[in-house]
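Colleague: Before I trust the vocabulary in your notes, can I poke at it a bit? Show me the thing and I'll ask how each label was earned.

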Amino acid sequence: MNLLKIPLGDWIEKLEEWLTGNLGPLFDFIRSVIGSMVDGIEASLIVAPAMVLIVLITALAYWIGKWRIALFAFIGLLLIDNLGLWEPSMQSLSLVLTASILSVVFGVPIGILCARSQTTQNIVTPVLDFMQTMPAFVYLLPAVSFFSLGVVPGVIASIIFAIPPTIRLTNLGIRQVPSELVEAADAFGSTPAQKLVKLQLPLAMPTIMAGINQTIMLSLSMVVISSMIGAQGVGAFVYRAVTQAKTGIGFEAGIAIVIMAILLDRLTQSAFKKK
Amino acid sequence: MSIIEVKQLTKIFGQEPQRGEKLLREGWSKDNIYKETKLTVGVNKASFSIQPGEIFVIMGLSGSGKSTLVRLLNRLIEPTSGQVLFKGKDIVKMNAVDLRQLRRKNIGMVFQKFALFPHRTVLSNVEYGLEVQGIDRWQRKELAQKVLKLVGLEGWENSMPDQLSGGMQQRVGLARGLANDPDILLMDEAFSALDPLIRKDMQHELLLLQARMKKTIIFITHDLDEALRIGDRIALMKDGSIVQIGTPEEILIQPADKYVERFVEDVDLSKVLTAAHVMLQPETVSPERGPRVALQLMRDNGVSTLFVTDKEQQLRGVLTAEDASLALKENKSIEQVMQEDVPRVSPGTLLNELFEIMADTRLPVAVVDERDRLKGIVIKGAILSALAGNAVPEAGAR
């Protein structure tokens, strides 16, 4: 039996070796771009005292949402600060934001391509299934060997895990535009680009936004896993608490993640609705 | 010259449509081709030509291929074979750029379910066709407002489509189709989704618009009444083929086959045919002539009344044989004895409106145009004959 085993694992390791050996400069480039993105966002989040940002976020929540969200933001963020988790929370947030921004930047165009061509969709769909069902730990390893330890492989892993909803829902949203409207746009002589910008994207926007919201939530769920490969942040507190069996610290950090999750979810949803 | 000429236009849906074409040439029916090859014949070798300014109605039941046919004309559906000549240029052979240009400038379209863009205001829906052409903001706003006024939607520019009633939404659709000032307007069951009263209003307004703008309109419908009301000519489709093309009267009076006959058998002809369809050539006499000449004319033509018209063909009165004899006996002129109070109708008067007028008079009814010029006369026999479904032999052709 053993003689017949396909050496799939060996092949993948060979491929990994080959990629690291030959595409080193590319990986270095990606690493520096993502690294500076995360650093930039993080720096701008902690440049001011926590209180200033808390007030700003509360005001933002009041402006785009209802007073209840604003109240929750104010109390929730104060609690995070009070628990001494402000800085790690902002580190995690910058990882989440970077992963989300990149997911949107790549996901929306890929989704558009899928909506336009059946072949592209047929190729992309199984890849997305693979990305979403393969346990995240598994692709942490190659991410580390390509990008070494730290926040960058965390961002990459988050993107792989979180980008599918944006792609899927962009595709779905565009395909759901009623065919008679597309026909009308054609009948008046729209170019494909005009059709996309003037008709399909505006009508698909609510669906695309739902996808982006999902992407943000999924990348937030990756902060703990990312901390296993050296990403700093509140996820690292959870990870440490688990390995050292410290229930209290674990819960504190967990609550900080929950607060951020609820805030991101409500804020993005209200912002999209407002649009 | 015709503005659109369609030659042997065919659409077969499915893989490798050429197989179906071969069978069509061999005379296979749509059903048999489907059973044999799973190919669906959408349109089967349609040929017709349309004159500028004409309202050409394509009529058929659902599944007859009429909606497919109209989409072949602007290639929203790609034809399998055949030609569509627009002012002599073959649309089927155009590249993407030329086709887009044609759709932008020459062919407008109005859709059954309106197909308004829900995220745009009424005004910017109407502007759409101008916007994709790259016409600047102010100019297209001006043009769009002009057409909105034309369809009676002034003041609704900033409403969203879903705030309007069905009839108003389709006015927006119509305005959008007209905004580019196209030569041809394709209307795909444009009024079918409207309730009957609104539909009638819209048909009426379309005719008024057409009279003003002189567009060529290709109108798709499954409703025979609608086709008869607005069509200059009607093409009747069945199973993807055109069964008959003709004026509404030709379709009604000389159905090409049993299918058309069954289609039209319930039509109330008196609501379709007009005085112009049944009128006969009148025998006239000018007022300067004497009564003797008039009597001679009556004898020669075997009639008992003459219509008195002046040099401009304007109707002055009617002269019966008794009047003429009286004039002869008393040495009077025709003008002195003729009856000036003649029943008059316009050529567009429907037969069912004529009944009442005919009942009140024993004289033939005069058909006059807007300047009171005599165009023809209507007698009871001609009406009965037309209602019985016979062509009126001498009918003044429209």
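**Earning the labels**

Modeller: Let's begin with H2(A): the cover over its buried residues includes helix H1 (8-22), H3, helix H5 (86-116), helix H7 (136-147) and helix H8 (151-175) of chain A. Ground rules: this is a predicted model, where local features need pLDDT of at least 70 and side-chain atom pairs count only at pLDDT 80 or more, while totals for chains, interfaces and linings use all residues. Residues are numbered from 1 along each chain as its sequence is written, chains are lettered from A and ligands numbered from 1 in the order in which they are written, and side-chain values use heavy atoms, with hydrogens and water left out.

Colleague: How do you know that the length of helix H2 of chain A agrees with what it should span?

Modeller: Helices here are DSSP runs (H or I, at least four residues; strands are E, at least two), numbered from the N terminus. The expected span is 1.5 Å times one less than the number of residues. For the 23 residues of H2(A), 24-46, that gives 33 Å, and the end C-alpha atoms are 32 Å apart, so the two agree.

Colleague: And which residues of H2(A) are buried?

Modeller: Among them are Phe27(A), Ile34(A), Val38(A), Ile41(A) and Leu45(A). Buried means under 20% relative accessible area, exposed over 50%, and partly exposed in between (1.4 Å probe, protein chains only).

Colleague: Why is Thr58(A) called buried?

Modeller: Its relative accessibility is 15%, and the cut-off is under 20%, so Thr58(A) qualifies. You'll find Thr58(A) in helix H3 (residues 50-64) of chain A. Leaving out residues up to four places away in sequence, Thr58(A) touches Ala70(A), Ala73(A) and Phe74(A), where contact means heavy atoms within 4.5 Å.

Colleague: Over to chain B. What makes H7(B) largely enclosed?

Modeller: Of its 14 residues, 12 are buried, so the rest of the structure largely encloses H7(B). Its cover even reaches across chains: helix H9 (179-187) of chain A is included, together with chain B elements such as helix H5 (122-131) and helix H8 (196-213). The span test works too: 20 Å expected for residues 166-179, and 20 Å between the end C-alpha atoms, which agrees.

Colleague: What makes S1(B) and S4(B) a pair?

Modeller: Two strands pair if DSSP finds at least two bridges between them. Strand S1 (residues 4-13) and strand S4 (residues 81-86) of chain B share 5, in the antiparallel sense, with Thr10(B) opposite Ser81(B). S1(B) also runs antiparallel to strand S2 (residues 40-50) of chain B, joined by 7 bridges; there Ile12(B) stands opposite Val41(B).

Colleague: Now the interface. How much area do chain A and chain B bury between them?

Modeller: About 1,700 Å², 64% of it on carbon and sulfur atoms. That's the accessible area (1.4 Å probe) that two parts lose on being put together, summed over both. On the chain A side, Glu183(A), Phe188(A) and Lys198(A) lose the most, together 40% of what that side buries.

Colleague: Why is the meeting of Glu131(B) and Lys198(A) called a salt bridge?

Modeller: The rule wants a side-chain nitrogen of Lys or Arg within 4 Å of a carboxyl oxygen of Asp or Glu. Here N to O is 2.6 Å, so the pair passes. The rule finds 2 salt bridges across this interface.
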